[in-house]
Amino acid sequence: QVQFVESGGGLVQAGGSLKLSCAASGITFSAYAMGWYRQAPGKRTELVADINYGGSTNYADFAKGRFTISRDNAKNTVYLQMNNLKPEDTGVYYCTAGGYSGGYYYASSRWGQGTQVTVAS
């Protein structure tokens, strides 16, 4: 059974940092690209960053220069380091396994419960 367990969220002041982790099970982790999505209150879910099996990364414009996605295939875990957080980064963050079509990441798996990130101004 495919399962993703996100952790590391919390309440932080603007300008602070958080590191999210996502432990995956039930998949051949190293064969998949991985992505982080987020959903802010009242807004659509959006892709934050993705990383392919070889470690190449892509970021949404709002994440460039502040967020870093990484993976540890030995631990079946993907991370999202978030620095200089802003109130608009508030939301629930989810990790997914997926692939690429036309150069764009897509999620192909079920999603986990997510982890809440709240950035206070």
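This note goes through a sheet, a loop residue and a buried threonine in a predicted model.

1. Basis. The model is predicted: local features need pLDDT of at least 70, side-chain atom pairs count only at pLDDT 80 or more, and totals for chains, interfaces and linings use all residues. Residues are numbered from 1 along each chain as its sequence is written, and side-chain values use heavy atoms, with hydrogens and water left out.

2. The sheet. Four strands (DSSP E runs of at least two residues, numbered from the N terminus) make an open antiparallel sheet in the order β1-β3-β8-β7. Two strands pair if DSSP finds at least two bridges between them. β1 (3-7) and β7 (67-72) are the edge strands, each with a single partner, so one side of each has no neighbour in the sheet.

3. β7 and β8. Six bridges join β7 to the antiparallel strand β8 (residues 77-82). Arginine 71 has valine 78 in β8 as its bridge partner.

4. Asparagine 52. This residue sits in the loop between β5 (46-51) and β6 (57-59). A polar atom of its side chain lies 2.8 Å from the backbone nitrogen of glycine 55, and the side chain also reaches the backbone nitrogen of serine 56 at 2.8 Å. Beyond neighbours within four places in sequence, asparagine 52 is in contact (heavy atoms within 4.5 Å) with Ala33, Arg71 and Tyr100.

5. Threonine 115. Strand β11 (residues 115-120) holds threonine 115. The residue is buried (under 20% relative accessible area, 1.4 Å probe, protein chains only), at 8%. The side chain of threonine 115 reaches the backbone nitrogen of glycine 9 at 3.0 Å.

Conventions:
A polar contact is a pair of N or O atoms within 3.5 Å; within protein, one must be able to donate a hydrogen and the other to accept it, and residues adjacent in sequence count only if both atoms are side-chain atoms. Buried means under 20% relative accessible area, exposed over 50%, partly exposed in between (1.4 Å probe, protein chains only).
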